Amino acid sequence: MLDLLARHWVAGAVFMAAALLALVPLLAAEWPLAMLLIFLHSPGYMIHQVEEHSGDRFRKFVNDVMFGGREALTTVDVLWVNCGAVWGIDLIALYVAWIAGPGWALVAPYLMLVNALGHIGPALRFRGYNPGLASGVVLFIPLGLATVLTIPATAAQHALGFGLSLLLHIIIAANAVRRARGAAPAKA
């Protein structure tokens, strides 16, 4: 079952994003702007994931370009990070915004902003496109900044949101480096 999910979750993301976006007019009529902005991070991330992971493009880019042919990311890693961590964090952030207030849910926009930087850096380093770069720049930066700048929050709330987002990205990168060190080098 895990293999089936790892091969087909991106197709599910297309339909999930469309379904969630179809709810926006209803939610916009009832919810405060801050809640709506936090909600939009889920379908926004799913749109990004379609660009990034269709055809297993991002995993192949990371393994082939960034790690010289070593398997740093597996399809199961990609599944857990995107469906487990990202979708889970965005859902938890929405509930936290509802229960404790939107200022405590800033992990959602910071997750987008840190991810966008994580695409811009390799684009500059390797002087070219990487899967996810376009939506990272066109979608993540505007939505992430609009959310961070719109939602009233304390410095502690910003630090928590940014810190959790940065920690997740560090864990993902450390796992990739660890796996790549143990992987056999690419054959010439």
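At 7% relative accessibility, L79 counts as buried, where buried means under 20% relative accessible area, exposed over 50% and partly exposed in between, with a 1.4 Å probe and protein chains only as cover. This is a predicted model, in which local features need pLDDT of at least 70 and side-chain atom pairs count only at pLDDT 80 or more, while totals for chains, interfaces and linings use all residues. Residues are numbered from 1 along each chain as its sequence is written, and side-chain values use heavy atoms, with hydrogens and water left out.

L79 lies in helix α5; helices here are DSSP runs of H or I with at least four residues, numbered from the N terminus. Leaving aside residues up to four places away in sequence, L79 touches L2, L5, A6, W9 and G84, a contact being heavy atoms within 4.5 Å. L79 and M16 are 63 residues apart in sequence, with 15 Å between their C-alpha atoms.

One of these partners, L2, belongs to helix α1 and, at 38% relative accessibility, counts as partly exposed. L2 also helps to make a nonpolar surface patch of about 620 Å², together with M1, L4, L5, V76 and W80. Such patches take residues with over 30% relative accessible area and no salt bridge, nonpolar side chains (Val, Leu, Ile, Met, Phe, Trp, Tyr) being joined within 5 Å and like charges within 9 Å. A salt bridge is a side-chain nitrogen of Lys or Arg within 4 Å of a carboxyl oxygen of Asp or Glu, and areas follow the Shrake-Rupley method with a 1.4 Å probe. Both α1 (2-22) and α5 (75-100) supply at least two residues of the patch, and the largest share, three residues, comes from α1.

Turning to the interior, the largest nonpolar core has 39 residues, of which W9, L36, I38, F39, L40, Y45 and A93 touch the most other members. A core is a set of buried Ala, Val, Leu, Ile, Met, Phe, Trp, Tyr and Cys residues joined through side-chain atoms within 4.5 Å. Helix α3 gives the most to this core, with nine residues. Beyond four places in sequence, I38 touches A93, L94, A97, A105, P109, T147 and I151. A separate core of seven residues includes F58, F61, A72 and L73.

Helix α8 has buried residues of its own, among them Q157, H158, G161 and L168. Their cover includes α3 (33-53), α5, α6 (107-126) and α7 (133-150).
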